[in-house]
Amino acid sequence: MNVGSDAIGAVASRKASSLREIVQSEVERMILDGDLAAGERLNEQKLASQLGVSRGPVREALRALERSGLVTGVVNLGVFVRQVGVEEAVEIYEMRGVVFGFACARLAEKITPGQEGTLAGLVGEMDAAIAAQDPSIYYKSNLRLHDMVMEFAGHGRAAAIYQSLIKESHLLRERSLQPLESMQASNCEHKVILAAIVSGDADAARTAAENHHFKGKRRWLNTLGAQHDRLLGPDSGGIGPGRQ
């Protein structure tokens with residue numbers, strides 16, 4: 001059987017694409033897990049050696065990660081793990097609030113008993129983590145709760161945007177949920193959100209979800225010191241119905 005050059009080229013291209021995706025996934029994991037620190041220069045040859053590939057797939061992976069906002073290319077200097085400034089971090093928190101509020105309002109109109117049970121179970125897991133004073137478990141359950149709300153809301157574009165914002169948030173190495181009182185406050189907000197969703201009140205669910213993220217922004221900024229008080233804003237404890 002003769003195979004045309006176009007077909008051979010397509011297969012080769014697919015193999016290269018798959019390798020790039022594997023490399024991209026692994027480098028992304030290293031960034032999000034903190035193995036590669038914010039501001040660190042990424043050496044193509046070193047990464048290629050670590051991952052057992054040539055420099056080509058690494059170069060393509062870094063280009064894709066730059067498009068996703070996790071790395072930054074600097075002319076004549078190389079590629080670096082992106083550093084997120086405070087002002088930009090505040091914008092990320094605010095946009096997360098808007099997208100999550102939209103999802104909660106959408107979910108309030110169609111939540112099922114099974115979905116309610118799943119979300120309530122995650123809130124319970126966070127209560128248990130608070131009782132055990134285990135911020136690591138709390139953080140994982142917190143991420144899972146937000147992920148499940150986005151999934152249950154059933155809006156693919158909103159979920160994609162939210163996940164992109166979450167990845168950028170990981171670059172902050174958030175500490176806002178570590179103190180016990182912060183975890184307690186955060187989970188109380190989760191309970192308010194869930195109650196509004198279950199009641200079918202879309203407006204209340206949106207407002208509660210947005211307030212949750214704005215209060216999370218305050219908790220995060222409080223870990224940075226008083227010099228960032230100006231970024232909290234006069235109404236940073238939450239937004240009322242008039243700001244929806």
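This report walks through the fold, the core and a few helices of a predicted model.

**Overall picture**

Let's start with the inventory: the chain has nine helices and three strands. Reading from the N terminus, the elements go α-β-α-α-β-β-α-α-α-α-α-α. Of the 244 residues, 41% count as buried. The chain exposes about 12,700 Å², and carbon and sulfur atoms supply 52% of that area. As for contacts with a separation of 6 or more, residues 24 or more positions apart account for 71% of them.

**The core**

The largest nonpolar core has 62 residues. Which helix gives the most to this core? That would be H4, with twelve residues. Inside the core, the residues with the most contacts are Ile31, Leu42, Phe100, Cys104, Leu119 and Ile197.

Take phenylalanine 100 as a place to look around. Setting aside neighbours within four places in sequence, its contacts are His146, Val149, Met150, Tyr162, Ile193, Ala209 and His213. Some of these names come back below: His146, Val149 and Met150 are among the buried residues of H6, and Ile193 is one of the buried residues of H8.

**Two helices, H6 and H8**

Here are the two helices next to each other.

| Helix | Residues | Number of residues | End-to-end C-alpha distance | Expected span |
|---|---|---|---|---|
| H6 | 135–153 | 19 residues | 27 Å | 27 Å |
| H8 | 180–199 | 20 residues | 29 Å | 28 Å |

For H6, the distance between the end C-alpha atoms agrees with the span expected at 1.5 Å a residue; for H8, the reach is close to the expected value.

H6 has a cap at its N-terminal end: a side-chain oxygen of aspartate 134 lies 3.1 Å from the backbone nitrogen of serine 136. At the other end, H6 is followed by glycine 154, which has a positive phi near 70°. The buried residues of H6 are Tyr138, Ser141, Asn142, Leu145, His146, Met148, Val149, Met150, Phe152 and Ala153. Their cover includes H4, H5, H7 (156–170), H8 and H9.

H8 also has a glycine just after it, glycine 200, with a positive phi of about 80°. Its buried set is Ser182, Met183, Ser186, Asn187, Glu189, His190, Ile193, Leu194, Ala196 and Ile197. In an α-helix there are 3.6 residues a turn, so residues three or four places apart point the same way. What do the buried residues of H8 pack against? The partners are helix H4 (86–108), helix H5 (113–131), helix H6 and helix H9 (202–222).

**An aromatic link between H4 and H9**

The count of aromatic pairs comes to two. One of them joins tyrosine 93 and tryptophan 220, a tilted pair with 6.0 Å centre to centre and 35° between the planes. Since tyrosine 93 sits in helix H4 and tryptophan 220 in helix H9, the pair ties together parts that are 127 residues apart in sequence. Are these two residues buried or exposed? Both tyrosine 93 and tryptophan 220 are buried.

**A stop at arginine 29**

Last, over to helix H1 (residues 5–32), where arginine 29 is found. Arginine 29 has a relative accessible area of 34%, which makes it partly exposed. Its side chain makes a polar contact, at 3.3 Å, with the side chain of aspartate 35.

Note on methods
Residues numbered from 1 in each chain as written. Heavy atoms only, no water. Helix = DSSP H or I, 4+ residues; strand = E, 2+ residues; numbered from the N terminus. Expected span 1.5 Å × (residues − 1). Buried < 20%, exposed > 50% of the residue type's maximum accessible area, 1.4 Å probe, protein only. Contact = heavy atoms within 4.5 Å. Polar contact = N/O pair within 3.5 Å; in protein donor to acceptor, adjacent residues only side chain to side chain. Areas by Shrake-Rupley, 256 points an atom, 1.4 Å probe, with all protein chains shown as cover. Phe/Tyr/Trp six-rings, centres within 6.5 Å; stacked < 30°, edge-to-face > 60°. Core = buried A, V, L, I, M, F, W, Y, C linked by side-chain atoms within 4.5 Å.
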